[in-house]
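Work through the exercises below with the sequence and the structure open. Each task is followed by a solution in steps.

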Amino acid sequence: MAGSVDVLAPDSSINGTTKSLSEVFNSKAFISDHVPLVAGENGIGKGEAQNGTENGERKIVLGKNIHTMCLEISEPDIDDEVTGEREAYMASVLAKYKKSLTERTKYHLGYPYNLDFDYEALSQLQHFSINNLGDPFIESNYGVHSRQFEVGVLDWFARLWELEKDEYWGYITNCGTEGNLHGILVGREVFPDGILYASQESHYSVFKAARMYRMECVKIDTLCSGEIDCDDFKAKLLCHKDKPAIVNVNIGNFLLLSHSLMHFLSPFLLWLLHINISGTTVKGAVDDLDLVIKKLEEAGFSHDRFYIHCDGALFGLMLPFVKRAPKVSFKKPIGSVSVSGHKFVGCPMPCGVQITRSEHVKALSRNVEYLSSRDATIMGSRNGHAPIFLWYNLNMKGYRGFQKEVQKCLRNAHYFKGRLVDAGIGAMLNELSSTVVFERPHDEEFVHRWQLACEGNIAHVVVMPNVTIEKLDAFLNELVQKREEWFRDGKCQPYCIASAVGHKNCLCAIHR
Ligand SMILES: Cc1ncc(COP(=O)(O)O)c(C=O)c1O
């Protein structure tokens, strides 16, 4: 039937069960006269039809998501050009949209996006269709490109991860996911019969890559912190000794600067160097790269029998040079590193960086005569604006600027976690992370308002440079007030989060 869709039960993305939607989806029902306004106005965020909740549970609808509003495209009237009516309508739509974006930007805490940036200087470039299709290092026939900026950014990252200019290959991706898809594809091309190993708390893009490339994938258990359980890793490696290993390692959290840049670091960061580190998506955990390599060696995998892709998407630009942390460097036997550009850096469009060894990329690149370039990327056309934004940002801030922002985020995250616990709310913060994990709020409207990311009984706030103490305080005060309402008559209790973050971090009725 046209327009009918399946509904995923909550959590069913994990077990794959589906049930049918009772009603036929009717997009028109969601088209208001004009545009979606600010949360709360126009009913947005309220009522089942608008926020897609039923009995407080949010539904995920495959194909057509019922949370999505639609701004219809209509045919211009014959006299529109004369009356200017259409132009006025468009202007009003955009003005309202801008207002809504401003408002939603204020209430965002759950995703690791730095929403604080100023790229006004680059607005002059929006009139150009800048496209870096093909290989960053081989100019194609399309001249409206930004390869010079792209290579500048890539050089910066290659230096960071200690790979010589003539030994690396990389490109600016659309996002961290593309970096993972590329890194794992390179691994698969190097070892066509390799098995992919990833901790079960790895980002979903890693498992998507396994499905896309039809690779055998072995999930590894995690510790309470979210870090890969290396004993389980070794045990599973030993079961598949006959096949090469392609390993996804979550490095999440830190920016690794060369030793010569150490003197830029403040005492505060140096103090942090001595604490356990922790960049998985939900808990902000970092896998111990050195231990992963050790376990591979112990299991009898020589360096020519494994490929390691390091997923640094989450906070890949966050912690400059962490001395006792497993250092990410191409001096170690790793194959690729990826990072998201729109996260800690902050960028109006999603983007990312992928760096690999030039010897590896040969395995997947092909010449394309039509481009007069080489194809080794996942996408064809590539956003040529993104490299300019990254280039601009890295130049403007420099290492010192990032260092200051990192310090602020870590301080604010510790402050926030402390306040949660003081308010009797179970919470966990991996030491060098700015992802604060806590009990899932009981009200989906509240979750939606603050744009929290939730999984099972836990939610998290990722403290990014734009998340101020004032914002955290406002959030906490509202949460405390709401909890009083939710738990007032004793009908419901705070969720137990012990299985996700450990007993000591849980303040439910049993573990308090
Ligand atoms: C650990 C990790 N890897 C990969 C990704 C995907 O990054 P992106 O959203 O840039 O595609 C994320 C996103 O949060 C992440 O946390």
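**Exercise 1.** What percentage of the 512 residues in the protein is buried?

Solution. The model is predicted: local features need pLDDT of at least 70, side-chain atom pairs count only at pLDDT 80 or more, and totals for chains, interfaces and linings use all residues. Residues are numbered from 1 along each chain as its sequence is written. A residue is buried if 20 or more other C-beta atoms lie within 10 Å of its own, exposed if 12 or fewer, and partly exposed in between, with C-beta atoms placed from the backbone. By this rule, buried residues make up 40% of the 512 residues.

**Exercise 2.** State which residues have the most contacts inside the largest nonpolar core.

Solution. A nonpolar core is a set of buried Ala, Val, Leu, Ile, Met, Phe, Trp, Tyr and Cys residues joined through C-beta atoms within 7 Å. The largest one has 66 residues, and Trp 161, Val 292, Ile 355 and Leu 390 have the most contacts inside it. Helix H5 (residues 147–160) supplies the largest share of this core, 6 residues; helices are DSSP runs of H or I with at least four residues, numbered from the N terminus. A second, separate core has 31 residues, among them Ala 413, Leu 452, Ile 458 and Ile 497.

**Exercise 3.** Why does Lys 343 count as buried or exposed?

Solution. UniProt, in an unreviewed entry, places the feature "modified residue: N6-(pyridoxal phosphate)lysine" at Lys 343; such annotations may be inferred rather than shown by experiment. Lys 343 is found in helix H11 (residues 342–346). Lys 343 counts as buried because it has 26 C-beta neighbours inside 10 Å.

**Exercise 4.** Describe how H6 and H7 pack, then do the same for H13 and H15.

Solution. Two packed helices are described by the angle between their axes and the distance between the axes. The axes of H6 (residues 176–190) and H7 (residues 204–212) come within 9 Å and cross at roughly 40°. H6 and H7 are therefore oblique to each other. Residues in contact, meaning C-beta atoms within 7 Å, include Thr 177 and Leu 181 in H6 and Val 206 in H7.

For H13 (residues 385–422) and H15 (residues 469–487), the axes come within 10 Å and cross at roughly 20°. H13 is therefore roughly parallel to H15. Angles under 35 degrees count as roughly parallel, over 145 as roughly antiparallel, 65 to 115 as roughly perpendicular and the rest as oblique. The contact includes Tyr 415 and Phe 416 of H13 and Leu 472 of H15.

Notes:
Helix = DSSP H or I, 4+ residues; strand = E, 2+ residues; numbered from the N terminus. Axes fitted to C-alpha atoms, helices over the stretch in contact; angles between N-to-C directions. Contact = placed C-beta atoms within 7 Å.
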